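User: Could you take a close look at one part of this model for me? I'd like the strands and what sits around them, walked through in one go.

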Amino acid sequence: MKIKYGMLVVGAFFVINSANAGSVEITNCSLSEFSYSYNLENEETGVIQVGSTHDDTSSLSPITVGAGAGSDEYDLTERMPDGNIYVTLIDGDEITTRLCTDEAAQ
């Protein structure tokens, strides 16, 4: 019986932990008006990284963001080789990544 309740507590811990993970969503894949929104849940500050999935030398400097929700917009026409872009949010020990592809950017 103790093992059953122990597993229930461990399972609940993982459900509660995953429910509090931060989120990031790309709201516009266009290179000229690239934008995303984020929500930071686990920590007081998090890190957002924006870069190219095809060229690892093309990326913006990591951005530190505060707790809560926010959004950013960039003109990436001069910074990225194409519309294949990723946005990663590191929120404590949670990492969330979203991708744009050239097809979505058109």
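**Around strand β2**

Analyst: Let's start at a turn: aspartate 93 sits in the loop between β4 (85–91) and β5 (94–100). Bear in mind that this is a predicted model. Aspartate 93 counts as exposed because its relative accessibility is 63%, over the 50% cut-off. In sequence, aspartate 93 is 51 residues away from asparagine 42, yet C-alpha to C-alpha the two are 8.4 Å apart in space.

Now for the strand pairing. Strand β2 covers residues 34–52 and runs antiparallel to β1, residues 23–28, with five bridges joining them. The connection from β1 to β2 is a hairpin of five residues. If you want a landmark in this pairing, take glutamate 25, which stands opposite serine 37 in β2.

β2 also pairs with β3, residues 63–74: these two run antiparallel as well, joined by eleven bridges. Here you can look for asparagine 39, whose bridge partner in β3 is alanine 69. Then there's β4, which pairs with β2 over six bridges, again in the antiparallel sense. Valine 50 has valine 87 in β4 as its bridge partner.

Staying with β4 for a moment, that strand also holds isoleucine 90. With a relative accessibility of 36%, isoleucine 90 counts as partly exposed, because that class lies between 20% and 50%. Isoleucine 90 joins Val47 and Ile95 in a nonpolar patch on the surface, and together they have about 240 Å² of accessible area.

The aromatic residues are worth a stop too. The structure holds two aromatic pairs. In one, phenylalanine 34 and tyrosine 36 have ring centres 6.5 Å apart and planes at 55°, so the pair is tilted. Phenylalanine 34 and tyrosine 36 are both buried. The other brings tyrosine 36 together with tyrosine 74: their ring centres are 6.3 Å apart and their planes are at 25°, so this pair is stacked. It links distant parts of the chain, with tyrosine 36 in strand β2 and tyrosine 74 in strand β3, 38 residues apart. Tyrosine 74 is buried, as is tyrosine 36. Put the ring pairs together and you get a cluster of Phe34, Tyr36 and Tyr74.

So, to retrace the route on screen: go from the loop with aspartate 93 to the β2 pairings with β1, β3 and β4, then to the surface patch of Val47, Ile90 and Ile95, and finish at the ring cluster.

Conventions
Residues numbered from 1 in each chain as written. Predicted model: local features only at pLDDT ≥ 70, side-chain atom pairs only at ≥ 80, totals over all residues. Heavy atoms only, no water. Helix = DSSP H or I, 4+ residues; strand = E, 2+ residues; numbered from the N terminus. Buried < 20%, exposed > 50% of the residue type's maximum accessible area, 1.4 Å probe, protein only. Pairing = 2+ DSSP bridges. Patch = residues over 30% accessible without salt bridge, like charges linked within 9 Å, V, L, I, M, F, W, Y side chains within 5 Å. Areas by Shrake-Rupley, 256 points an atom, 1.4 Å probe, with all protein chains shown as cover. Salt bridge = Lys/Arg side-chain N within 4 Å of Asp/Glu carboxyl O. Phe/Tyr/Trp six-rings, centres within 6.5 Å; stacked < 30°, edge-to-face > 60°.
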